[in-house]
Structures are given as structure tokens and as C-alpha cells.
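Here is a short report on cavities, aromatic pairs and burial. Please keep the structure open while reading.

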Amino acid sequence: MAGRFAPRPTRTTVRGGHVAVPAGVPRQAAAPGKVRTVVPDGPLDLGLVLGPLKRGPGDPTFRAMPDGSVWRACRTPAGAGTLRLTGRGDEVRGEAWGPGADWLLEQLPELLGAADEPSAFVPRHRLLAVTRHRRPGLRLTRTGLVLESLIPSILEQKVTTDEAYRAWRLLVRKFGEPAPGPAPGRMCVMPDAAAWRLIPSWEWHRAGVDNKRASTILRAVRVAARLEEAVRMPPAQAQARLEVVPGIGPWTSAEVVQRSHGAADAVTVGDLHLPGIVGFALAGDRDADDSVMLELLEPYAGQRHRAARLILLSGRVPARRAPRMPRGDIGRL
């Protein structure tokens, strides 16, 4: 079997949201698409900016290639679209295909963090100051898409990340559509709202998604148009609209607006690990809960999500004291 398959890349996604983007390997010429070039007004690291959009190493909607390019397959308001991003010196070149190509290129500056204000962050802890110095290319992306982040966030509720990534991968590949243009093999655009509603109950089960999460997704896609309107609202109002749907709480809504809005202050509460990580990094308290975490992040009001991102990227996390949460698979039942 040696040589028949390309070697599988190692897992590079971390909780801080960083995708390793290698460089130096030439890529075969692709069919030309619509092109736009953006010149950021400061340092920009594609891996750091787009890392939170990747849902595991096998995400069919996201691919970081050996030639340094990053590919995204999206369901835009104009239809399916594929976007390829390549950094060239001080500029980023975006090339897009499909019905959603124009929309993707129009949104490109905000996807790259043009609406973000990194200078608004004032570090008050040495750890954060050092991490920001080492990661000058960190910007908060704004996708302008709600459902794209909402559905995988619901899949991640109260299960291991491996289980959630597997469910997202299986469902998108089976019920999505091939990414337009010369996208790398097996890239797919996620299903539209109507297609999500038509997924049979046994397919949710086979993907390892319990009835509670599946029902939440079905309730959300029934009002998909109203939820997508939230991108034009301030993050707090957008979260309130999302939380009207039963099954969507503060944890899920924060995870969504961090990506859809680039919300710098949308700190995730209700997370199993984040309070202990923040408490350990800023106060040596690995047993911190949400209230302690919010108190420690209070000096960063308005930039609490950015502070949490920098803490996660710093690598300062408490040592594990217990075995990993066991992975379940209801599809085997």
C-alpha cells in the first residue's frame, strides 16, 4: 500500500484557533476564478485568523494546503462558493468560484479581520503582552454567516470535540454538495436549510448525534432566514436572537458570534475547560469557574474574547489530572 495515498497531515488545530499553513510546495495551476487582492493595514497570519473556522483535521469545508493556500467552501446568501486565499508578501489574494463567488470576494476584507481593532486591546498581564508580541498577525475574522457556525457549534454541545468533528464531517459529506471550482478533493459545501430538514433520523443517529442536538438543529434551520438576519445586529442582540431557539444557550451563541461577527467581547461561558485555563493562566487557579473567569477578564471588558484567544495561544494550560473524557458513538447502538 506504500505510496498509494498521500500522507495524512498531523493535527494542527489548537483551542486557540491556529491552523498551520505550510509554504514552499508548488501547486498545479487551477482554472481561473474571480479574483480580489486585499492589502491588510498591519501584520496578518492566515492560520491565526481563519483557524477558528476549521472544525477538525477532516473538515470538508476547510483545507490548508502545502503550498500555503487556505480553501473554504461556503453556503453564502447567493449560493455555494469556494474561496482560495494565498498570502503574497504584504497582500492576500482571494480567488473564488461558484454562484457565491462575488459575495465571498465582497466579504473578503472582513473575513481577514478588516473590521477588527487589535489596537483596542491593552494587555494587563505579562503573559498576554508576550503572547500578543509573539502573535502579531492575530485578527478576529468576521464571516457574515450565522448558520455556518451555528450548526457545528450545536454539534459540539456536551460531547468531545472528536465526536462533534466526526458528525460534522459525515453529515456535510453525505448531504452537502461538492465545492464549486477546482477545490481539493472531497471538499463540500454544507447543506442548505431545506436539506438539513430532510435528513432522516437514522442518519443523525449514524453520525453519533443524539436527538437533543438534532432537534435543536432542526428548530434552528426552520427559522434560518431570521437567524441569518442577526449578522446585521450588534453581537449582544444577535446572541439574544439565537437564544430564542430552544437548545441554544449562551455557550453556543457566543461561539457563533465570535465567528459570524468577529465579536471581540463575546467570551464563552459554560465551557468545561476554559474557566480553568483562564484561571490558571492569570491567577494560578485551575479550579476557577465561570464567575471567577469573568472577574479575571473584567479588566479586558470589550476585548474579553481576544484575551481568551491569547491565553489559549500562549500554551499556558494546567496539567491534566484525569483521563480524557471517553468518546461515545451512539451510532453503534
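The sections below take the cavities, the aromatic pairs, one helix and one loop residue in turn.

## Cavities

This is a predicted model. Searching the whole structure gives two cavities of 30 Å³ or more. The largest has a volume of about 130 Å³. Its lining counts 15 residues. Nearest the centre of this cavity lie Leu53, Thr61, Arg72, Glu148 and Trp168. Strand E3 (70-76) and helix H5 each give the lining at least two residues. E3 has the largest share, with four residues. What is the make-up of the lining of the largest cavity by nonpolar, polar and charged residues? Seven are nonpolar, two are polar and six are charged.

The second largest cavity has a volume of about 40 Å³. Arg72, Trp103, Leu104, Gln107, Leu111 and Thr143 line it. Its lining has three nonpolar residues, two polar and one charged. Arg72 appears in the lining of both cavities.

## Aromatic pairs

A pair of aromatic rings is described by the distance between the centres and the angle between the planes. How many aromatic pairs does the model hold? The count is four. One of them joins phenylalanine 121 and tyrosine 300, and this pair is stacked. The centres are 5.3 Å apart, with 15° between the planes. The pair links distant parts of the chain, 179 residues apart. Phenylalanine 121 sits in the loop between helix H3 (108-111) and helix H4 (126-134). Tyrosine 300 sits in the loop between helix H14 (290-297) and helix H15 (304-314). Phenylalanine 121 counts as buried because its relative accessibility, 2%, is under 20%. Tyrosine 300 is buried too, with a relative accessible area of 3%.

Tryptophan 168 and tryptophan 196 form another stacked pair. Here the values are 6.4 Å centre to centre and 20° between the planes. This pair also links distant parts of the chain, 28 residues apart. Tryptophan 168 is in helix H6, and tryptophan 196 is in helix H7 (residues 193-197). Both tryptophans are buried. Trp168 and Trp196 form one aromatic cluster with Trp204. Trp168 also belongs to the residues nearest the centre of the largest cavity.

## Helix H13

Is helix H13 (residues 274-283) mostly covered or mostly open? The helix is mostly covered, with eight of its 10 residues buried. The buried residues are Leu274, Pro275, Gly276, Ile277, Val278, Gly279, Ala281 and Leu282. Their cover includes H4, H14 and H15. Glycine 284 follows H13. The phi of glycine 284 is positive, near 70°.

H4 and H14 also flank the loops that carry the stacked pair of phenylalanine 121 and tyrosine 300. H15 comes after the loop that holds tyrosine 300.

## Glutamate 156

Where does glutamate 156 lie? Glutamate 156 is in the loop between helix H5 (147-155) and helix H6 (161-175). Is this residue buried or exposed? Glutamate 156 is buried, because its relative accessible area of 14% falls under the 20% cut-off.

Leaving out residues up to four places away in sequence, glutamate 156 touches Arg55, Ala164, Tyr165 and Trp251. H5, on one side of this loop, is also a supplier of at least two lining residues to the largest cavity. H6, on the other side, carries tryptophan 168 of the stacked tryptophan pair.

Methods: Residues are numbered from 1 along each chain as its sequence is written. This is a predicted model: local features need pLDDT of at least 70, side-chain atom pairs count only at pLDDT 80 or more; totals for chains, interfaces and linings use all residues. Side-chain values use heavy atoms; hydrogens and water are left out. Buried means under 20% relative accessible area, exposed over 50%, partly exposed in between (1.4 Å probe, protein chains only). Contact means heavy atoms within 4.5 Å. On a 1 Å grid over the protein atoms alone, a cavity is a set of points where a 1.4 Å probe fits but cannot get out, and a pocket is an open set with protein on both sides within 12 Å along at least five of seven lines; lining residues have an atom within 4 Å of a point. Grid points are joined across faces, edges and corners, and a volume is the space filled by probe spheres set on the points. Ala, Val, Leu, Ile, Met, Phe, Trp, Tyr, Cys and Pro count as nonpolar, Asp, Glu, Lys and Arg as charged, and the others, Gly among them, as polar. Rings of Phe, Tyr and Trp (its six-membered ring) pair if their centres lie within 6.5 Å; planes under 30 degrees apart count as stacked, over 60 as edge-to-face and the rest as tilted.
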